[in-house]
Structure formats: structure tokens, C-alpha cells
Amino acid sequence: MLGTLRNRKGFTLVELAIVLVIIGIILGAVLKGQELINNAKAKRIINDTKGLMALAYTFYDRYGRFPGDCDNSGNVDYTTLTTISTTFSATAAPAFCYVPPGTIGAQNAPNPQWNEMLQAQIVSGDPRSNATSVFSGGGARYLASTTINAVPYTIIVNTRVPCYAAKAMDQAIDGNLDAGLGAIREISGGVVRTATDAWSSCATAGTGEQTLVNVAYFIDKRPGQ
């Protein structure tokens, strides 16, 4: 029995150190890979948002108004900034500002803007490729308007954006992380913020960078200009 116990060998300190180093390298690679993925997604939403702005101005140059401005009022005035469906129609419309069946009023759904751009051959195929977010969770991208101090502004709304990507948008476009000034702003409670503080919805301890927020991008003019 004593001989059997003597023949049993455990790990040496060197072997344990090597195992720990390997585990550390693997964990580091996983974390770095996730960081690269997050950075790529953040860059993608910035590029996609600027791409929608380019599409909107292409339509504007051709027709003298933004797509989705069905009453030609100068505003793509949806009734909400936060609960637009991600089920965008991919059916070619018989006329500009065609409202899909079941929609109450041209200004209550995002479909008209995508149908208009589809019919104008500014986009092709399924408009959802332009309208849905790169992030999981049902996020969407669309033109809308907001009113601040009785002045209407045209904006691009991105819904359900992780905080790290919202901050990346703010830093890339405005050069700072102020959620209530500049072209990039947080939408809180269906209202675009105008305060000069940071991204308050992103302050949750431990999970703040993954918290989902709604983001407005002022594309024609911004408050204070």
C-alpha cells in the first residue's frame, strides 16, 4: 500500500504554471475576438446609418422631399420613435407613399419610406437589408422626425443599440460622448434628449455597455444651429 502511494505523481508547479498560462492565452484570445466583433458591429452601424442618410438625400435630390414624407410637409413624422415594427414591406408599391394593407395612415408605419426608395430604384431587393439592425434583438433603422422647441428636425432612428455601439457612434460623428448635444443623441422615453449629460441609460453597473438604447442622428440640421 505504501509503495502504491509513493508511485502516484501529481502536477509539478511548472506544469501547473504552464496550464494556467495556456488558459490565460485562450481566455485572452476569446476576449480579444469578442472585442473585435463588437468594434466591427459598431463600425457597421455607423456606416449603415450614414448609408441611409445618403439614400435619403439621393431621393431628396430627385423628388424634393425625403422618402416617407407622404404629405410633403417637410417631415417624416411618425407618431413614435421607439416602437416602430421591424416588419418592413418588401413589395413594390403601385404608387409613391403607398400604405400597405392594415396600416392606419401613411405616417404610422415605416413601410412608405422603404417602398418609395424601392420603387425609385434607390434600393433593390428586400428593403429590410437596409432597415434592420446588425445587432440581434429586433432593432430597426428608419427615417423619422422630432420636434424641439417647436422646430421640426429630420433624424435617423436606430433602435435597440448596445451602449458600446451608441457611444462609438457619438465619438465618431460628434467627437465626444455627450448624449444630449450634437448630431448623435439618446432617445429616452420616446423623446430625443437635449441635456448636456452623458449616456444615462448606459450607467447600469456590470452590464452597462450591453444595455440597449435608441439613438437619433440629426441629418438635416441640429438644435442650436
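## Tour of the core, a hairpin and a surface patch

Start with Met-117, Ile-155, Trp-199, Val-213 and Val-215: of the 44 residues in the largest nonpolar core, these touch the most other members. Such a core is a set of buried Ala, Val, Leu, Ile, Met, Phe, Trp, Tyr and Cys residues joined through side-chain atoms within 4.5 Å; buried means under 20% relative accessible area (1.4 Å probe, protein chains only). Next, colour the suppliers: H2 (13–63), H3 (111–119), S1 (141–148), S2 (151–162), H5 (163–174), S3 (184–188) and S5 (212–218) each give at least two residues to this core. H2 provides the largest share, seven residues. Helices (H or I, at least four residues) and strands (E, at least two) are DSSP runs, numbered from the N terminus.

The model is predicted: local features need pLDDT of at least 70, side-chain atom pairs count only at pLDDT 80 or more, and totals for chains, interfaces and linings use all residues. Residues are numbered from 1 along each chain as its sequence is written, and side-chain values use heavy atoms, without hydrogens or water.

Zoom to Val-213. Leaving out residues up to four places away in sequence, Val-213 touches Asn-158, Thr-159, Arg-160, Val-161, Cys-163, Ala-166, Glu-186, Trp-199, Ser-201 and Cys-202 (contact: heavy atoms within 4.5 Å).

Now select S1. Seven of its eight residues are buried, so S1 is largely enclosed by the rest of the structure. S1 runs antiparallel to S2, joined by eight bridges; strands pair if DSSP finds at least two bridges between them. Ile-148 has Val-151 in S2 as its bridge partner. Two residues separate the strands of this hairpin, and Asn-149 in the turn has a positive phi of about 55 degrees.

Definitions and conventions:
Buried means under 20% relative accessible area, exposed over 50%, partly exposed in between (1.4 Å probe, protein chains only).
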